[in-house]
Amino acid sequence: MSAINPGFSPKTSRRVAALKPSGLRKFFDIIAEMPEVVSLGIGEPDFDTPEIIRQAGIRALQAGETHYTSNAGISTLRRALAKHLANRYGVHYDPDTEIVLTVGVSEALYLAMTALLDPGDEVLVPVPCFVSYQPEVVLAGGVAVEVPLRAEDDFQPNVEILQQYVTPRTKAILINYPHNPTGAAADRGAMATLARFAAEHDLIVISDEIYDRLVYGVEHVCFPALEGTWERTILLGGFSKDYAMTGWRLGYAAAPASLLQPMLRIHQYTVMTAPTPAQVAALTALETAEADEAVEAMRRAYDRRRRLIVDGLRSIGFPTREPRGAFYVFPDVRPFGVDDETFAWRLLEEEQVAVVPGSAFGKAGEGFVRCAYATSEANIEEALTRIARFVQRLH
Ligand SMILES: Cc1ncc(COP(=O)(O)O)c(C=O)c1O
């Protein structure tokens, strides 16, 4: 490369400079170079998208569905989504003004934060949490206020603790059940208490329910369906996890028009529309019994793996809360006398098993590791054998 102007050093924004590198990235970069690894690291379904949905996508391309759609997304899909949410959770949105299809929940999060926050506005972010939450707040000019979740509360928000972090600048709270990284599902009582807390402090609630269909032995509690929550909630959902459609990049936001329309304006100027073939395929995902059965079959498979890994981890000696949702389990590694980073790095080096240190999801995740069971039972069994061998050496 020729140095045309060697003294030139571009100045990028302070916001970007303030972003910490993701704790997950370096880990996954190393794993990618290790073919022998048994990975419990990646938070993505190992299943391919169900055949009927894939075929719908192929047909969409062949039929020339390769153009922009309306900004909010194709109206048939918005209508199908409104019906789906009403049928499943009894929560009602006007498909003409209260739903936008987005490029994954990732974009929906970006829209929510950018629409809500003025510089310095604070968002309560219970941690551990999905790694994008704090950066999304910071990129929108806000301040992410981390509030610890505790294992003894089953990783549900504890209002007494939240209370200590509220200031006059607190504008919103970002919740996520079923929960990444702990696998906790929403507890109806804890959510009702949180709803009262949000009302008392006049907070907007952003509820990321991307794993809503992946619950085991419990019912999913849809936050905006709870009493007194609808007006102040932005519901985020998507197709990546439940329908094994991560690469299609499709999610949505649903909220009262007063919140949704500002988000739609940002979407219009930044992204314009979510991918068209993905939207057409998603219609099949929502409207066919076959797709529904495929989701249920994947859920049952995750459930079997969940029981296998929880039993295995407990029998090795890890204190492990029973995860009720998503495809994660969050065992406590402290009884083995090492911190989560050391545990994860040594396990990777010595036994080629990848788990993610809990501290990658925020300080409150320290002492735990995230194991994703979106992988085959054979892989889980092999990982458990290697983990058992590894902890023998730690003793
Ligand atoms: C809690 C949570 N929200 C959002 C996302 C991003 O999902 P999407 O693929 O829809 O952008 C993830 C992905 O891991 C997640 O775990």
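These are my notebook entries on the ligand site, the two domains and some backbone details of this structure.

**Entry 1: the model.** I am working from a predicted model, and I number residues from 1 along the chain as its sequence is written.

**Entry 2: the ligand shell.** I began with the residues around the ligand and found 13 of them, the closest being Val105, Ser106, Asp208, Ser240 and Lys241. When I sorted this shell by class, I counted 5 nonpolar, 5 polar and 3 charged residues. I then asked which element gives the most to the shell, and the answer was helix α5, which spans residues 104-116 and supplies 3 residues.

**Entry 3: polar contacts of the ligand.** I looked up three distances that involve oxygen atoms of the ligand, taking 3.5 Å as the limit for a polar contact. For Val105 the partner belongs to the backbone, where a polar atom is 2.7 Å from a ligand oxygen. For Ser240 the partner is an N or O atom of the side chain, and I read 2.7 Å from there to an oxygen of the ligand. Lys241 also uses its side chain, with a polar atom that lies 2.6 Å from a ligand oxygen. I then checked how much of the ligand is covered: taken alone it exposes 400 Å², and the protein buries 92% of that.

**Entry 4: the two domains.** I noted from the domain assignment that domain 1 comprises 14-49 + 292-394, while domain 2 comprises 67-288. Their C-alpha centres lie 25 Å apart, and the contact between them takes 37 residues from domain 1 and 39 residues from domain 2. For the area buried between domain 1 and domain 2 I have about 3,100 Å², with carbon and sulfur atoms giving 61% of it. Which residues of domain 1 lose the most area to domain 2? I found Arg321, Arg324 and Phe361, which together account for 20% of what the domain 1 side buries.

**Entry 5: cis peptide bonds.** I recorded a cis peptide bond between Val127 and Pro128, with omega at about 5 degrees; Pro128 is placed in the loop between β3 (122-127) and α6 (133-139). I recorded another cis peptide bond between Tyr177 and Pro178, where omega is about -10 degrees, and Pro178 sits in the loop that runs between β5 (170-175) and α8 (188-200).

**Entry 6: a positive phi.** My last check was on Asp202, which is not a glycine and yet has a positive phi of about 50 degrees. I located Asp202 in the loop between α8 and β6 (204-208).

Notes: This is a predicted model: local features need pLDDT of at least 70, side-chain atom pairs count only at pLDDT 80 or more; totals for chains, interfaces and linings use all residues. Side-chain values use heavy atoms; hydrogens and water are left out. A residue is near a molecule or strand if one of its heavy atoms lies within 4 Å of it. A polar contact is a pair of N or O atoms within 3.5 Å; within protein, one must be able to donate a hydrogen and the other to accept it, and residues adjacent in sequence count only if both atoms are side-chain atoms. Accessible areas come from the Shrake-Rupley method with a 1.4 Å probe; for residues, only the protein chains shown count as cover. Helices (H or I, at least four residues) and strands (E, at least two) are DSSP runs, numbered from the N terminus. Ala, Val, Leu, Ile, Met, Phe, Trp, Tyr, Cys and Pro count as nonpolar, Asp, Glu, Lys and Arg as charged, and the others, Gly among them, as polar. Domain bounds come from an automatic or database domain assignment. Contact means heavy atoms within 4.5 Å. Buried area is the accessible area (1.4 Å probe) that two parts lose on being put together, summed over both.
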